[in-house]
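Here are some short exchanges about chains, domains and helices. Please look at the model first.

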There are 4 protein chains.
Amino acid sequence: MKKHIKTLKKKSKNFDPKLKEECGVFGISNAKDASALTALGLHALQHRGQEGCGIVTFDGEKYYSEKRFGLVGDNFNKEEILNKLKGNYAIGHNRYSTTGDNILRNIQPFFADTNAGGIGVAHNGNLTNSISIRNKLVEDGAIFYTTSDTETIVKLIAKSKRPTTIDKIVDAIFQIQGGYALVMLTQTSLIGVRDPLGIRPLVIGKLKNSYVLTSETCALDIIGAKFLREVENGEIVIIEDNELKSIKPFPPKKVRPCVFEYIYFARPDSILNGKSAYEHRKNLGIQLAKENKNFDADVVVPVPDSGNAAAIGYAQFLGKDFELGLTRNHYVGRTFIEPSQKIRSLGVKLKLNANQSIIKDKRILLIDDSLVRGTTSHKIVKMLYDAGAKEVHVKIACPEIRYPDFYGVDTPTKKELLAANKSNEEICSYIGAKSLSFLSINGMYKAIGFDQRNNNYPQLTDHYFTGEYPVKPIDELGDSKITQLSLLSTASNN
Amino acid sequence: MKKHIKTLKKKSKNFDPKLKEECGVFGISNAKDASALTALGLHALQHRGQEGCGIVTFDGEKYYSEKRFGLVGDNFNKEEILNKLKGNYAIGHNRYSTTGDNILRNIQPFFADTNAGGIGVAHNGNLTNSISIRNKLVEDGAIFYTTSDTETIVKLIAKSKRPTTIDKIVDAIFQIQGGYALVMLTQTSLIGVRDPLGIRPLVIGKLKNSYVLTSETCALDIIGAKFLREVENGEIVIIEDNELKSIKPFPPKKVRPCVFEYIYFARPDSILNGKSAYEHRKNLGIQLAKENKNFDADVVVPVPDSGNAAAIGYAQFLGKDFELGLTRNHYVGRTFIEPSQKIRSLGVKLKLNANQSIIKDKRILLIDDSLVRGTTSHKIVKMLYDAGAKEVHVKIACPEIRYPDFYGVDTPTKKELLAANKSNEEICSYIGAKSLSFLSINGMYKAIGFDQRNNNYPQLTDHYFTGEYPVKPIDELGDSKITQLSLLSTASNN
Amino acid sequence: MKKHIKTLKKKSKNFDPKLKEECGVFGISNAKDASALTALGLHALQHRGQEGCGIVTFDGEKYYSEKRFGLVGDNFNKEEILNKLKGNYAIGHNRYSTTGDNILRNIQPFFADTNAGGIGVAHNGNLTNSISIRNKLVEDGAIFYTTSDTETIVKLIAKSKRPTTIDKIVDAIFQIQGGYALVMLTQTSLIGVRDPLGIRPLVIGKLKNSYVLTSETCALDIIGAKFLREVENGEIVIIEDNELKSIKPFPPKKVRPCVFEYIYFARPDSILNGKSAYEHRKNLGIQLAKENKNFDADVVVPVPDSGNAAAIGYAQFLGKDFELGLTRNHYVGRTFIEPSQKIRSLGVKLKLNANQSIIKDKRILLIDDSLVRGTTSHKIVKMLYDAGAKEVHVKIACPEIRYPDFYGVDTPTKKELLAANKSNEEICSYIGAKSLSFLSINGMYKAIGFDQRNNNYPQLTDHYFTGEYPVKPIDELGDSKITQLSLLSTASNN
Amino acid sequence: MKKHIKTLKKKSKNFDPKLKEECGVFGISNAKDASALTALGLHALQHRGQEGCGIVTFDGEKYYSEKRFGLVGDNFNKEEILNKLKGNYAIGHNRYSTTGDNILRNIQPFFADTNAGGIGVAHNGNLTNSISIRNKLVEDGAIFYTTSDTETIVKLIAKSKRPTTIDKIVDAIFQIQGGYALVMLTQTSLIGVRDPLGIRPLVIGKLKNSYVLTSETCALDIIGAKFLREVENGEIVIIEDNELKSIKPFPPKKVRPCVFEYIYFARPDSILNGKSAYEHRKNLGIQLAKENKNFDADVVVPVPDSGNAAAIGYAQFLGKDFELGLTRNHYVGRTFIEPSQKIRSLGVKLKLNANQSIIKDKRILLIDDSLVRGTTSHKIVKMLYDAGAKEVHVKIACPEIRYPDFYGVDTPTKKELLAANKSNEEICSYIGAKSLSFLSINGMYKAIGFDQRNNNYPQLTDHYFTGEYPVKPIDELGDSKITQLSLLSTASNN
């Protein structure tokens, strides 16, 4: 994950205004093809980050590391590179870029030779107090080489005076706050850590004699591993000598996973709290239909692919026709991510196109999973009207997003969150729809499996809608900022 | 397009055994941002070829050419490269690779300085007599630099003794046979040619004062151009001085477009004979349901994305639930196309994963658009049973493919076509399904809009199912082979 | 070699205004490590061309080709690439770039599949009638892919109606004029051709059972091959079945090698007409001293490295001290060849620096091998005065260059040749020297081994000084020009 | 410079067994084109290191850094890259690689954001106690990212509790020992430091209002800067607000520069102690001749280029003919540094070739600057005999090298130093010469300008010959070793 460094301006991201989670992690023990299996796991987690990817392995003697810009399948698909990554233990990481620092050394896993031996760390999430920690370490003579939180964690481990590596790790995580899922590779063990509230996801799988630690169950499926259980919130799992041990150093708390794993991030086939994300999203769509029962339209059209499941649920509940009225061009992985001014100015449809014959003269019920800035919705609604739609009604399968995230999700600032600044009527008018509805917060809880908010746990980390932050965003509140980082290394590989 | 050079062994393609069309073409006249508009058009046609792409422009004085391996969006997305491609006239090409000759000079458009001036040519299709022509030209002292049919066409144009470029082109196309759609850029005009039967597609669009010639209407939509009409079979259209002229040098024939444009190739939102490909495919699904009316199952699941439309049609007609029971990983554009032995041996699900919670304990009706080798179907059926399916019934929304193509579609040999060698029962057993049905040929014609085969035109080029080849595959039948081409230039850019 | 395409502006070459020969060639038969030996030969010939290099091999069945920009040692130094070039027969080429067309396909050897089988051609020299031939071929329907003369030769071979490859080659070389040394690889033989006057050099060597054909003997030395003899002027040597056969299809003429091989091009250790180039140059220096006997100075300083041998001769004859008063920075292979404006504007000494302690307060006798544009001499003289020289006297170890070359040497136009436009006094004043002398033409002939010009052969091709062109420069004299070549392929690898 | 990490095996360097100095440094203040001037300076210092180069600049607000593998002229020759390096202050570094760690992050200048602000450091030399320091820092929680001494220095600066940057630097250099010349760029100043004995060189120049700090005066010449003086041994010079201040924190000692700067490293035109290196070397040659007065031979031939000056001196003193009997191929900058096994096994002469016509039937007096392993000398003597030499007498213009260096010169181990293990007769026989002489130590001192060793300073650091080490090689003597550094990052840019 990447720290929102306050002193560096965020690159504007006009082209995909959805919330973006930062990073996927994977680790495997005791496996003959550890590097290949990790490449496959990262490939299954590719939706969590496409900017870069890396793998660190350990063969009992030495560590091996390869980091690349771009997709896993473009980089870790050759015998040659997989063979370089020797050893039966591996961890890997997919990086989603937030700030403009696209330099190779920012790509994870992060590796360091500490006094306690080598350690590789892959991290998903965001620390809420890393700048404060970092500034203290710098005063003490530390030199930072990256702009990532992960280096902060590794430095805390290296600095710890505790005797064993596990002790040092516990020492370090007691000092950090925020949402985090860590997978680490020491000289004797594979270690997984999930933050005290379980905001970021981490699951355990088993493949023959190997344990797997990873962000989502879809990374278990791809290698044929069995899903054992989630790492619990605040739990440290240590795989050593082929056995899994567990430590729970924190006072027990109820788990509060990030609601956006349910709504958007997790791959549809990943299991969250016993159901696939696809089912959760279908249920959100069904609930949305229930809250809009008397509404009439000709066809239900999803914004593909994130709105598909909810639209199927919605259409099934109402008995309406579900139609793929928008065609998605999937060749936009990294492509056109920074199109030239020439192309941008043509106002084009790089990703979506209306399927006229489905749309023309119809009353369209457009389903999307969420609404953040509204810029894409605006374009899609216009595209549908241009294609001859009679009416376009927008239904959002989650509540209004009014508050930014500080636990590892790349949200825009409050200023840019449409629902934080406009009434529903204003939003509807901004996106140009005939009508607009959001799912209620209670409805969302019902759909995901709880009757009411605040009554019985497990609850979710739902501050996006409520503003209630379960972990104080220290760096955000103070006026702390990183005063270092004066180096602009413009080359891609400095 | 790429000639099936007989002397070069075909690379086995285990990973995507679907039929593959070869190439998309695009040309635009008189447009300020000709290169950027062409890049966008090619991006919309990316599904027609991902191996390489190229653009040739003309600024009234000089030609400019850029060719690249990989996706349009990864290569033609920067101001820098678009600005190099000066001029208001441009043609472009997406290449799908068939043989192993992935060398840059094989990427199109093909350019040549002929006695009649410069000419750029982009070609989709396959000539059935190019080896015969080629051998004759070589005897006469010609030297070939590529293994592509397109060079044969250009050489014929250059050799012609007719006075004008248009005359030379007519001279040349009278000598070639097969399925072809050509877009050419001379020093005075943009030219489009479609083969006498209209096997390969070519459409005309208009954007302000510019004419556009391209493979599919989706490439018009992306730049906001209006769809005027198809180029007719055997028609040459010449855009010169901002006017479109038409020549029809061949004796008139009824059009017979390739049926696989309807079934698989065209993007769902492209218009074929008045309807979107999506609608045609939904109709194929509906017809399939009609032919299997008494059949019962719990859910209808498409093989994504090619089976989506047919499955929606099928489910709607029967009132069954349509579910996305297979999750597709879209980050496999170029990725893992040649995975290492290490990864391949793990027998993995790089592209698809079953969504267990949808599949478990259900009777699944799996819909696919077609069945070629059956290897993927076999894997998918197994994947569904592994995920707990009670029964898996496979329904194919087109007839049995029994004959290979020679007009530009990369089909396996007859030996590898499952339906050419096995009865339906044997196929069903091979893929491991509980039952298997194909659409009837008559049903296919009904769905696409004709009552009966053989009665009233327009008919389709449907030899895949019938073995009736409307153009004689000369090179295939004779024992002609290219004896040249002894150079193995192993470097990527020789 | 590269044709001086008239329609393409020459890139100005401010940085090394010496005459430059175009290209070195190498071929070997029947050798186990043919590709590695060819790489070594080309390395020894690196001084003849640094822009690009290529090797074509033949293993009895297929040809293999690798071409690269840059130095041999940077490109053909790895097992990996050498192993790709299979076979016991190989030819190679070092390219010196004249025009701006630095595209890979212009790099040699040129390969073509002709009706007579594959043929690889490496060429040093320049045809004087290639444009005329080319235009005729284009009228006849030929399409050219490069801007090189070599393609013209290959096209003539392919076009020939004679039955055998050797016959076709003879047919082709009867049509071409100019200076050329060709090394060719057919499917049965290694062939060498030298132009009727022997303007361009070509020698024969032997290494165990292998024959070697190459531009200079230094390429024999590096692989330990024995120097047999020169290919004679107008001779074709054919190495087939391990035997060397010779054909002399032209009417006999006296040989007239290019004088600049003696003066500048050949590596000092290469043998020309029985003596090393080093000795020839020392003799030129001695002769220069004889013609300037009464002249006095403190030290003799060469312009390194091209003036070294003459300066040693000069100093030895006069008994003066020879001193390396100018230090040359040899790390300027390709480096800084196109320095940024920023660096150029600093007026710097990228290549040479005066050694102050040698120069200060001395009367310097500066020896250079030749004077072309005079820009470098001007800078060097200034550098010496800046370093405290009392007097700088410039002695040039060859006559005044007044006429351009058309046989393969990249000379500036007559306009830029200093001695073509200025008297010796004016030149002296332009370069800022205290005095200036050139060697006399008769002196030059004496030094190289002839008593008098015009009396007894062998004479040299000496038009640089006399204006007498032994082969009529047809393309130059007519107004023929290439009207084709309208493609600007800006990418490096198109 | 690069630490001789004990735990990493040294790459064998068969191809250039000369002593190699590690690195050149350059810094400039207050100059408009600071990055371009630094590139030029580094180009002039290219002989001191060819593996990599880097430049760090500061524009008053931010630092900019670019590091590259390869030559300066191949990397820093474009406007584009020079413009990225903004600011009027710059430092640069040429790296000579010793260990196998050719990863970009090991290339200098080293940059760090410390508590005292950003600091860039370029370093030439070697610390004799860096492993001891490093181990202590690691115990304390430090994490090292490179294998270079320079990081140790920077970490000491960052750790220092002193208030100002200068104080921190003084604090740090009090802890380090060895030979070092440092150029640093802080946010307010350009700083130069030379070790207490002045083992490694550092000079001060002035160009208009800019100060320059660099390894040799040739880097001043190339930009037209005036040579002011050497930085004194143990001196710190601080250029701030356009003024040069000096601090001498160490107890005063006599300067003892490394003798190999005189014998081999410095470029011939660089000034050492008032004379050019060329003159010093000529004097070494003259002294060598004096010590071998009665010796007779036909020609004096240098091993080019390092033996040139001594050979000229030798020949002049004896009145013998100096001849370039060995031709050097200068296109071996980086080229063929790691030739393939195929090429190596051919036993070839990549760099030198005998000029037969000079050598044949002559008694050769071969002059070289030094003899280290003897492998090259052996090859050259054989080459001369193969070329027909009657006798080959080898004269070495320095004493016998019997002891390795620990102050920044990459010497082989004692085991590999020929003169450490063999008598002169044995060496002579090993290299195959008729006779062999070395210069005497006293002769060397006389030639360089001192009458006798041990009497009057300035003396030289001459342990190579005497075994007297002026700074104790702590890391070498103890059994300290780096236990960290377990990461093998095989990719070039990790």
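The questions below go from the chain pair to the domains and then to two helices, in a predicted model.

Reader: How many residues of chain A are in contact with chain B?
Author: Contact here is a distance test: C-beta atoms, placed from the backbone, must lie within 7 Å. On the other side, 57 residues of chain B take part. For chain A the number is 57.

Reader: Which helix supplies the largest share of the side of chain A that touches chain B?
Author: That share is 5 residues. They come from residues 34-44 of chain A. This is helix α1.

Reader: How many residues of that side of chain A are nonpolar?
Author: The side of chain A that touches chain B holds 18 polar residues and 15 charged ones. The nonpolar residues number 24.

Reader: What kind of rotation axis relates chain A and chain B?
Author: A turn of 180 degrees lays chain A on chain B, with an RMSD of 0.0 Å. The shift along the axis is 0.0 Å. The two copies are therefore related as by an axis that is two-fold.

Reader: Why do the copies meet through the same surface?
Author: Compare the interface residues of chain A with those in chain B. The copies meet through the same surface because the interface residues of chain A are also interface residues in chain B, and the share is 100%.

Reader: Which residue of chain A comes closest to the rotation axis?
Author: The distance is taken at the C-alpha atom. It is 3.3 Å. The residue is A:His330.

Reader: What distance separates the centres of the two domains of chain A?
Author: The domain assignment gives domain 1 as 20-256 and domain 2 as 270-466. The centres are taken over C-alpha atoms. They are separated by 32 Å.

Reader: Which strand gives the largest share of the side of domain 1 of chain A that touches domain 2?
Author: In chain A, 24 residues of domain 1 are in contact with 14 residues of domain 2. On the domain 1 side, β1 (20-21), β7 (117-127) and β8 (178-185) each supply at least two residues. The largest share is 3 residues, and it comes from β7(A).

Reader: Is helix α9 of chain D parallel or oblique to helix α16 of chain D?
Author: The axes of α9 (residues 277-291) and α16 (residues 441-448) of chain D come within 8 Å. They cross at roughly 135 degrees. That angle makes α9(D) and α16(D) oblique.

Reader: Which residues of α16(D) meet α9(D)?
Author: From α9(D) come D:His280, D:Asn283, D:Leu284, D:Gln287 and D:Glu291. Their partners in α16(D) are D:Gly443, D:Met444, D:Lys446, D:Ala447 and D:Ile448.

Terms used:
Residues are numbered from 1 along each chain as its sequence is written. Chains are lettered from A and ligands numbered from 1 in the order in which they are written. This is a predicted model: local features need pLDDT of at least 70, side-chain atom pairs count only at pLDDT 80 or more; totals for chains, interfaces and linings use all residues. Two residues are in contact if their C-beta atoms, placed from the backbone, lie within 7 Å. Helices (H or I, at least four residues) and strands (E, at least two) are DSSP runs, numbered from the N terminus. Ala, Val, Leu, Ile, Met, Phe, Trp, Tyr, Cys and Pro count as nonpolar, Asp, Glu, Lys and Arg as charged, and the others, Gly among them, as polar. Axes are lines fitted to C-alpha atoms, for helices over the stretch in contact, and angles run from 0 to 180 degrees between N-to-C directions. Angles under 35 degrees count as roughly parallel, over 145 as roughly antiparallel, 65 to 115 as roughly perpendicular and the rest as oblique. Copies are superposed by least squares on the C-alpha atoms of residues with pLDDT of at least 70 in both. Domain bounds come from an automatic or database domain assignment.
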